[in-house]
Amino acid sequence: THTKMATVPLGFNIDAPRWDQSTFGGRLKHFLNITDPRTVLVPEEELDRAKALVEGCRAGLVPPGSSQEQLLYAKKLYDSAFHPDSGEKMNLIGRMSFQVPGGMAITGCMLQFYRTVPAVVFWQWVNQSFNAIVNYTNRNAASPISLSQIGVAYVTATGAALATAVGLNLYTKVCQAGLGGQLGASCPPVLMPACLLQRAPPLLARWVPFAAVAAANCVNIPMMRQQEIINGITVTDGDNNELGRSRRAAVKGIAQVVVSRITMAAPGMIILPIIMEQLEKFTFMQRIRVLHGPLQVLLCGGFLLFMVPAACALFPQRCSLSLADLELELRDSIVAKHGDKVPYVYFNKGL
């Protein structure tokens, strides 16, 4: 027996953005909604019901008595847990709504355990493993990637993070130990960077994790989404009609994602070390060293709670590229079919 269904309220489009996506403020409200970390606690069955409700609403049929608020909440759950391209349920760790609980734990530990090389290696490896899952989960689903390509991307990004973190960690230690003891006019040019760094405060070592995270993001995301760069991604006109595949669109989308991810991490990983450097001067903080790690994790959570949606909102999710910036062959193909009616093409940049 089929449950009796009602028609969708007149004029209601469940896929229409609730807020203006052409403005940063509108995108921020949108991502505050779908990156809400509370959604990671929603049971799988409820997520499946939300998907069924959204798909039914798209078909014009919903359970009788369904309110607009219920439909919008179902869409929030759907957007938080299902891939925008494929509609498949994303793994929990890879969802943007898991960025706050997952990111705060890992970032807090990276900022706390930065003094020894083994600790740096371990937490950078954990972070890159987390990033690899997130990047794979939020890729453009129309561009499949093989297991070997995933492996190469993971190893390359982890290597970049470790090389940056360990290299800078050792470099700052050498500087603080007095390698640049020949400060001033007697300092040889080859040692000048070390001599200058000797003047820098110990805070410099606390910023090493951020440098490693930024370097790794510049490698991890393009490598994990290399198929998009090689084969291009689907671009459409303003009415979502497919026009072809563009590599330049892929490069633009991935570049914006790299900037967003670095921005997401920056405030917590740059400002928090300054806060901790000052707090650790107080006697009471020196007595409770065992609580420094948990405190940094909580403070990271505070930063990420705002920065995850803010960084996602930096650029429109539905990215655009002018016809003039497309590959010549694709541009000629579009002009031949549509004339000058398609000045811009659109595509999903991923997250």
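Mentor: Let's start with a term: a pocket is an open set of grid points with protein on both sides within 12 Å along at least five of seven lines. In this predicted model, the second largest pocket holds about 210 Å³ of space.

Trainee: What makes a residue part of the lining of the second largest pocket?

Mentor: A lining residue has an atom within 4 Å of a point. Glu-46, Arg-49, Ala-50, Leu-53, Pro-63, Ser-66, Gln-70, Tyr-73, Ala-74 and Leu-77 line this pocket, so each of them has an atom within that distance. Helix 2 (44–58) and helix 3 each supply at least two of the lining residues.

Trainee: How do you know which of these lining residues count as charged?

Mentor: Asp, Glu, Lys and Arg count as charged. Glu-46 and Arg-49 are in the lining, so they are counted as charged. The full division is six nonpolar, two polar and two charged.

Trainee: What about the largest pocket: what is its volume, and how many residues line it?

Mentor: The largest pocket has a volume of about 1,300 Å³. Its lining has 42 residues, with Asp-15, Pro-84, Gln-317, Arg-318 and Asn-348 nearest its centre. By class, the lining holds 18 nonpolar, 15 polar and nine charged residues.

Trainee: Which element gives the largest share of that lining, and which domains does the lining draw on?

Mentor: Helix 3 gives the largest share, six residues. At least three lining residues come from each of domain 1 (6–89) and domain 2 (96–348).

Trainee: Why is a space called a cavity rather than a pocket?

Mentor: In a cavity a 1.4 Å probe fits but cannot get out, whereas a pocket is open. The structure holds three cavities of 30 Å³ or more. About 240 Å³ of space lies in the largest one. Its lining has 19 residues, and nearest its centre are Gln-99, Thr-107, Asn-127, Asn-131 and Ala-265. The space around these residues is called a cavity because the probe fits there but cannot get out.

Trainee: How do the residues of the lining of the second largest cavity divide by class?

Mentor: The lining of the second largest cavity has 10 nonpolar, two polar and no charged residues. Gln-124 and Asn-169 are in this lining; Gln and Asn are not listed as nonpolar or charged, so these two count as polar. This cavity has a volume of about 60 Å³, and helix 5 gives the most to its lining, with four residues.

Conventions: Residues are numbered from 1 along each chain as its sequence is written. This is a predicted model: local features need pLDDT of at least 70, side-chain atom pairs count only at pLDDT 80 or more; totals for chains, interfaces and linings use all residues. Side-chain values use heavy atoms; hydrogens and water are left out. On a 1 Å grid over the protein atoms alone, a cavity is a set of points where a 1.4 Å probe fits but cannot get out, and a pocket is an open set with protein on both sides within 12 Å along at least five of seven lines; lining residues have an atom within 4 Å of a point. Grid points are joined across faces, edges and corners, and a volume is the space filled by probe spheres set on the points. Domain bounds come from an automatic or database domain assignment.
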